[in-house]
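Reader: I would like a close look at a single part of this structure, taken slowly and with the surroundings described as they come up. Could you begin with a loop and carry on from there in one connected account?

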Amino acid sequence: MEKPKLLIIAGSDPTSGAGIQSDCLTAFSLGVYPMTVTTSVTSQNDLGVIDRFDLPSEVIASQLEGLLSRFRFDAIKIGMIGSVTSLNTIVECLTQYKHSHPFILLDPVLKASNAASLSEQALGKAIRQNLMPLLSLITPNLDEYEALFDIVPSEDQKNRRSQDYLSKQTLPSFENYNCAILLKGGHFTDEATDFLIKSQNDRPLKFSGSRIEAPFSHGTGCTLSTAICAYILRGESLEEAIRKAKAYLLSGLTNPVHLGDNYGAINKWR
Ligand SMILES: Nc1ncnc2c1ncn2[C@@H]1O[C@H](COP(=O)(O)OP(=O)(O)OP(=O)(O)O)[C@@H](O)[C@H]1O
Ligand SMILES: Cc1ncc(COP(=O)(O)O)c(N)n1
């Protein structure tokens, strides 16, 4: 049996709702074999993030070198990085082993949904300067998008309605990047519509999504980004991979797994 391999570089979430554990469940359920590099060990439970322990750069480099020296990956998903030092280690290793054109996606995990910090303050700037040149796609949520691209929305746009949000004022300057941006719409006030921004000249592509009453939404960003990588590995175009990943996520949000009195997770059984 042959399976496509996905390299996942991310943090550990003991609840398996987000992070490496969630990414492995997503990859497995979509028929893709995950291999992992852990950047940070977090403590989390149903109440949120308790603590974060970024691993030393030699531990990250050793895991990366072990895998990259023996396996070729057609897709790499990067999630929580934690520190600027860890980011620079990842950039160094990926640059050294980069074969022709792997699809590299960054889900820039800066804060958890309960607002706990999952990264150093300076990580956003380092992502922009050092990591973006290697990426094919970056998938920020609204806050991450504004922070990463220095977007200052107008008073109207601060209402965060999906149909009013994107304009010249809220599009990034593409001078320095050649990767596509998927602006995730989980934090819009109306629909959960995402936008794919490929360049300043192309109109952003809209991925409409109705907002559902989801009782357990921890890990939506992780699930979406890993599912995109899995569909890319299965031969889909970027647009089709996003469409299918959104449908996969919606189905898991609609029918969650119950894991306690008031806790549950996105369903990945298919
Ligand atoms: N209530 C919802 N109903 C339908 N889709 C949703 C809902 N909430 C989020 N989504 C979808 O989930 C994906 C992740 O979006 P979101 O903006 O929540 O990312 P995120 O903030 O990085 O996620 P996370 O909560 O994991 O940090 C997007 O495709 C978004 O449209
Ligand atoms: C290790 C790790 N990676 C990512 C997230 C983001 O997920 P969320 O914002 O849904 O809490 C997380 N909580 N933990």
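Author: In this predicted model, the place of Asp150 is in the loop between H5 and helix H6 (162-165), and that loop makes a convenient starting point. Asp150 is not a glycine, yet its phi is positive, at about 50 degrees. Its relative accessibility is 54%, and because anything over 50% is taken as exposed, Asp150 belongs to the exposed class. Arg160 lies in the loop between H5 and H6 as well, and this residue, although not a glycine, also has a positive phi, here of about 60 degrees. In accessibility Arg160 falls into another class, since its relative accessible area is 18% and the limit for a buried residue is under 20%, so Arg160 is buried. The loop between H5 and H6 thus holds an exposed residue, Asp150, and a buried one, Arg160.

On the other side of H5, the chain can be followed back into the loop between strand S6 (137-138) and helix H5 (142-148), where Asn141 lies. Asn141 has a relative accessibility of 14% and therefore counts as buried. Its side chain reaches the backbone nitrogen of Asp143 at a distance of 3.2 Å. Thr139 is found in the loop between S6 and H5 too, and with a relative accessibility of 1% this residue is likewise counted as buried. The side chain of Thr139 is in polar contact with the side chain of Asp107, at 3.1 Å.

Asn141 also leads to the ligand, for it is listed with Lys184, His187, Asp194 and Gly221 as the closest of the 19 residues that surround ligand 1. Several polar atom pairs can be named here. An oxygen atom of ligand 1 lies 2.7 Å from a polar side-chain atom of Lys184, and an oxygen atom of ligand 1 is 3.0 Å from an N or O atom in the side chain of Thr220. With Ile212 the pair involves the backbone, one of its polar backbone atoms being 3.0 Å from a nitrogen atom of ligand 1. Taken alone, ligand 1 exposes 630 Å², and the protein buries 90% of that area. The elements that give two or more residues to the shell around ligand 1 are helix H7 (220-233) and helix H8 (238-254). By class, the residues of this shell comprise 10 polar, 5 nonpolar and 4 charged.

The loop that leads into H7 deserves a word of its own. Glu213 is found in this loop, between strand S9 (205-207) and H7, and it is exposed, with a relative accessible area of 79%. Although Glu213 and Thr254 are 41 residues apart along the chain, their C-alpha atoms are separated by 8.2 Å. A comparable description can be given for Leu118, which sits in the loop between strand S5 (103-106) and helix H4 (123-131). Leu118 counts as buried, at 6% relative accessibility, and its C-alpha atom is 9.0 Å from that of Ser83, with the two positions 35 residues apart in sequence.

Two empty spaces complete the account. The count of cavities of 30 Å³ or more comes to 1, and the volume of the largest cavity is about 30 Å³. It is lined by Leu171, Pro172, Phe174, Ile197, Ser199, Gln200, Asp202 and Pro204, a lining that divides by class into 5 nonpolar, 2 polar and 1 charged residues. The second largest pocket, by contrast an open space, has a volume of about 280 Å³. Of the 14 residues in its lining, Leu25, Val257, Ile266, Lys268 and Trp269 are the closest to the centre of the pocket. Helix H1 (19-29) and strand S10 (257-260) are the elements that give two or more residues to this lining, with H1 giving the most, at 3 residues. The lining of the second largest pocket has 7 nonpolar, 5 polar and 2 charged residues.

How values were computed:
Residues are numbered from 1 along each chain as its sequence is written. Chains are lettered from A and ligands numbered from 1 in the order in which they are written. This is a predicted model: local features need pLDDT of at least 70, side-chain atom pairs count only at pLDDT 80 or more; totals for chains, interfaces and linings use all residues. Side-chain values use heavy atoms; hydrogens and water are left out. On a 1 Å grid over the protein atoms alone, a cavity is a set of points where a 1.4 Å probe fits but cannot get out, and a pocket is an open set with protein on both sides within 12 Å along at least five of seven lines; lining residues have an atom within 4 Å of a point. Grid points are joined across faces, edges and corners, and a volume is the space filled by probe spheres set on the points. Helices (H or I, at least four residues) and strands (E, at least two) are DSSP runs, numbered from the N terminus. Ala, Val, Leu, Ile, Met, Phe, Trp, Tyr, Cys and Pro count as nonpolar, Asp, Glu, Lys and Arg as charged, and the others, Gly among them, as polar. A residue is near a molecule or strand if one of its heavy atoms lies within 4 Å of it. A polar contact is a pair of N or O atoms within 3.5 Å; within protein, one must be able to donate a hydrogen and the other to accept it, and residues adjacent in sequence count only if both atoms are side-chain atoms. Accessible areas come from the Shrake-Rupley method with a 1.4 Å probe; for residues, only the protein chains shown count as cover. Buried means under 20% relative accessible area, exposed over 50%, partly exposed in between (1.4 Å probe, protein chains only).
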